[in-house]
Amino acid sequence: MDSSLFKLTSLNLNGIRSAASKGVEDWIAATGPDCICVQEVKAQAVDIEGKFDTLAGMPGVFHFAQKKGYSGVGIYSRHEPSDVIVGFDPEEFDAEGRYVEARFDTPARKLSIISSYFPSGSSGEDRQAAKFRFLAKMHSHLMRLKGEREFVLCGDINIAHRKEDLKNWRSNQKNSGFTPEERAWMDMLLADTDTGGIKDVYRCLQPDTTDTCYTWWSNRGQAYANNVGWRLDYHLATPALAALARAESIYKGEKFSDHAPVTVGYDLRNLCITRIQA
């Protein structure tokens with residue numbers, strides 16, 4: 001990827017301690033992203049402090065779940081945020097540690113990078129109902145944000161939008177992650193209307209890929225070996241920011257978790273984001 005691009009990575013760690021034991025920090029150091037958004041940290045502040053509060057020289061900001069060993073998101077960046085927003089829904093979902101936003105504002109523009117982990121509904125009807133509540137609240141939040149600033153949300157959204165986004169789409173149409181309601185939510189978010197206007201950055205760059213687009217594989221059977229996967233990890237951006245995307249990659253050379261890192265290179269040179277001085 002062109003070194004002049006701003007490299008932004010999203011990765012569901014499935015536990016930061018587990019991913020660290022599998023070499024994720026060495027990979028981050030070698031690939032040198034400007035910023036990496038992580039999900040499913042599965043740790044508390046006491047577990048992070050002095051161990052994982054910095055990765056490959058990048059300081060992190062986090063939103064931890066109240067429940068131990070559950071959820072949690074973070075953003076590691078080589079650039080100093082002007083502000084950090086932790087959580088977006090104090091009534092219900094902030095307790096689950098699902099949203100952190102780093103702002104990089106100047107007098108000339110407002111820009112946010114968000115790491116978010118959407119709920120899974122696969123464990124039962126109660127969690128699927130919670131997922132639908134989350135989607136409704138997240139939609140309202142993103143529409144408000146779109147009216148105020150440019151942003152890119154990186155995360156595991158636990159939805160495969162199109163049949164090209166998972167291997168066995170026919171047999172999964174009633175399963176969480178590929179239900180008609182979830183796909184309709186994506187349709188609404190990505191539509192060029194007042195209730196949408198967000199861009200799926202990977203699909204802007206790779207509109208037709210199938211087997212190569214997957215980012216998650218079940219640990220059951222030989223799903224990874226046979227590439228029976230789903231595309232669950234996204235960069236969702238405002239149109240102006242999505243238009244600056246120039247290159248993408250899904251790294252499958254090493255397996256740090258059950259998800260693969262998704263990196264997009266953005267041409268942000270005119271936005272004047274300055275690196276933290278070493």
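**Pockets and the setting of H161**

The lining of the largest pocket comprises seven nonpolar, 16 polar and eight charged residues. The model analysed here is predicted. In this model, the largest pocket has a volume of about 780 Å³. Its lining numbers 31 residues. Those nearest the centre of the pocket are S120, S122, N158, S176 and W216. Two elements, helix 4 (125-146) and strand 12 (229-230), give two or more residues to this lining.

The second largest pocket has a volume of about 160 Å³. Its lining is made up of M1, K7, T9, W27, T31, G32, P33, S249, I250, Y251, P261 and T263. At least two residues of this lining come from each of strand 1 (6-12), helix 2 (24-31) and strand 14 (245-250). By class, the lining of the second largest pocket divides into six nonpolar, five polar and one charged residues.

H161 was examined separately. This residue sits in the loop between strand 9 (150-156) and helix 5 (180-190). The relative accessibility of H161 is 11%. H161 therefore counts as buried, the cut-off being under 20% relative accessible area. A polar contact of 2.7 Å links the side chain of H161 to the side chain of D187. With neighbours within four places in sequence left aside, H161 is in contact with F178, R183, M186, D187, L190 and Y234. D187 thus appears both in the polar contact and in this set of contacts.

Technical notes:
Residues numbered from 1 in each chain as written. Predicted model: local features only at pLDDT ≥ 70, side-chain atom pairs only at ≥ 80, totals over all residues. Heavy atoms only, no water. 1 Å grid on protein atoms, 1.4 Å probe; cavity = no way out; pocket = protein on both sides within 12 Å on 5 of 7 lines; lining within 4 Å. Points joined across faces, edges and corners; volume = space filled by probe spheres on them. Helix = DSSP H or I, 4+ residues; strand = E, 2+ residues; numbered from the N terminus. Nonpolar A, V, L, I, M, F, W, Y, C, P; charged D, E, K, R; others polar. Buried < 20%, exposed > 50% of the residue type's maximum accessible area, 1.4 Å probe, protein only. Polar contact = N/O pair within 3.5 Å; in protein donor to acceptor, adjacent residues only side chain to side chain. Contact = heavy atoms within 4.5 Å.
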